[in-house]
Amino acid sequence: MSLETLCQEGAAPPGCLAANATSGASSAPETPRRPPGDPPHRAAGHEGGGHSALPSLTATARNLASPHPGTSQASTLLSFRDPTRSGAYREGAEDTAAQARELGVQARAYKVDCSRREDIQRAAEQVKKDMGEVCILVNNAGVVFVDDLLSLEDHEIQKTFDVNILAHFWTVRAFLPSMLERNHGHIVTVASMSGKIGTPLLVNYSSSKFAAVGFAEALQAELRLLGRDGVRTTCLCPYFVNTGFVQNPQSRFVDVLEPEAVVSRLLSAILAGETLVLIPSSMHCNVLLKSLLPTRALQAIYATMAISFKTRSGLAGTKTSGEESQEPGAERGAKVRL
Ligand SMILES: NC(=O)C1=CN([C@@H]2O[C@H](COP(=O)(O)OP(=O)(O)OC[C@H]3O[C@@H](n4cnc5c(N)ncnc54)[C@H](OP(=O)(O)O)[C@@H]3O)[C@@H](O)[C@H]2O)C=CC1
Ligand SMILES: CC1=C(/C=C/C(C)=C/C=C/C(C)=C/C=O)C(C)(C)CCC1
């Protein structure tokens with residue numbers, strides 16, 4: 001996970017934008033199980049994440065730091081499990097922080113393991129000391145293990161909930177008090193379309209994202225009840241994004257999203273104070289149909305969409321049932337109906 005803080009000082013009250021940026025389960029315990037001799041891949045306990053961190057962090061710095069009237073100074077704070085680590089798809093947080101500094105803002109990278117409550121609490125205190133109060137918190141870290149429920153390891157289920165939802169509790173509880181005091185702030189929950197539509201072979205992930213959507217909605221209602229209209233929330237639910245988080249996502253009608261487009265949409269949503277953002281917006285139809293149509297009708301519609309993605313044991317899709325997949329890297333997998 002990463003924390004990104006953008007502090008704004010001047011006419012506006014001191015504050016920051018903080019985001020726990022991209023996420024991706026990596027490291028040994030989260031590495032997907034695979035038979036001996038199989039090439040490593042990133043399908044399930046995905047390795048180190050994709051390249052979304054770079055555009056998201058630099059874009060955030062560029063767009064939120066400088067153009068606001070009354071802003072004399074801005075700072076961005078990033079934290080990753082290992083800020084020095086670079087992946088195949090992105091640069092490390094230290095590099096990203098350096099790029100943000102080149103854009104004229106203060107930027108720092110911190111090391112935080114978001115699956116550990118104590119780590120988050122320790123980092124939050126350090127952030128406040130170093131950078132001041134946070135005004136925008138983006139809970140973006142997430143992990144995914146793509147497999148059927150019974151094939152998952154217990155620790156994978158635990159990790160998914162630790163990072164994808166419990167971490168949100170710890171970051172929000174750390175930064176919300178000062179937002180409430182100042183009646184000023186913004187909390188972004190990066191959820192997923194999978195948190196709006198229950199997704200097969202992602203039961204673990206999907207339910208953690210449903211929890212994230214519920215968290216954001218309930219928090220928003222609570223802030224309203226408390227009369228703190230100045231503290232806003234945005235819940236982001238993208239369809240598949242091209243970051244390597246889930247491998248080989250495909251669909252007949254819905255294109256995989258590019259991270260830059262998602263970041264850009266998120267920025268406009270933050271600035272406009274939108275509470276729920278589905279990307280693409282056509283997904284609103286799927287969500288609406290879910291509460292209108294009987295399951296069998298929905299299944300018929302879903303079948304036409306031909307959604308598929310790679311699990312750690314192969315490729316799951318809607319095209320054929322029981323047919324051996326021809327996709328590279330999915331030799332052992334049979335396509336199954338989603
Ligand atoms: N890509 C997609 O198709 C979609 C993604 N999302 C959501 O978007 C968010 C970002 O995903 P995306 O950018 O695609 O994925 P990435 O793989 O690029 O990002 C993963 C990030 O999560 C961090 N992370 C994972 N576990 C921890 C941890 N325990 N502590 C600290 N950091 C951690 C990783 O840090 P490090 O770099 O140190 O490993 C990495 O920066 C996630 O919440 C995901 O669920 C939602 C819908 C679709
Ligand atoms: C629309 C739709 C589905 C939903 C798929 C979704 C919502 C996948 C999202 C996955 C994501 C975003 C993963 C990474 O975060 C189903 C249930 C497969 C059935 C066919 C129609």
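Is D147 buried or exposed? D147 is buried, at a relative accessible area of 8%. Keep in mind that we're looking at a predicted model here. Below is a quick tour of its salt bridges, seven in the structure, and of the strands around them.

**D147 and its partners**
- D147 pairs up with R312 through their side chains, a salt bridge of 2.6 Å, N to O.
- D147 sits in the loop between strand 5 and helix 5, while R312 sits in the loop between strand 10 (308–311) and strand 11 (314–316), so this pair ties together parts 165 residues apart in sequence.
- R312 is buried too, with a relative accessible area of 3%.

**Other salt bridges**
- R265 and E274 meet at 2.8 Å, N to O; R265 is partly exposed at 29% relative accessibility, and E274 is partly exposed at 25%.
- Back with D147: shared partners put D147, E156 and R312 into one salt-bridge network.
- D130 and R108 form a salt bridge at 3.5 Å, N to O.
- That one links helix 4 (residues 117–131), home of D130, with strand 4, home of R108, 22 residues apart.
- Both ends are partly exposed: D130 at 28% and R108 at 39%.

**Strands 4, 5 and 6**
- A107, also in strand 4 (residues 106–111), is buried at 6% relative accessibility.
- Strand 5 (residues 136–139) is covered on both faces, with I136 and V138 buried on one side and L137 and N139 buried on the other.
- Strand 5 runs parallel to strand 6 (residues 185–190), joined by four bridges, and V138 has V188 as its bridge partner.
- Getting from strand 5 to strand 6 takes the chain through helix 5 (residues 154–182), in a right-handed β-α-β crossover.

Key: Residues are numbered from 1 along each chain as its sequence is written. Chains are lettered from A and ligands numbered from 1 in the order in which they are written. This is a predicted model: local features need pLDDT of at least 70, side-chain atom pairs count only at pLDDT 80 or more; totals for chains, interfaces and linings use all residues. Side-chain values use heavy atoms; hydrogens and water are left out. Helices (H or I, at least four residues) and strands (E, at least two) are DSSP runs, numbered from the N terminus. Buried means under 20% relative accessible area, exposed over 50%, partly exposed in between (1.4 Å probe, protein chains only). Two strands pair if DSSP finds at least two bridges between them. A crossover is right-handed if, with the strands pointing away from the viewer, the path from the first strand over the helix to the second runs clockwise. A salt bridge is a side-chain nitrogen of Lys or Arg within 4 Å of a carboxyl oxygen of Asp or Glu.
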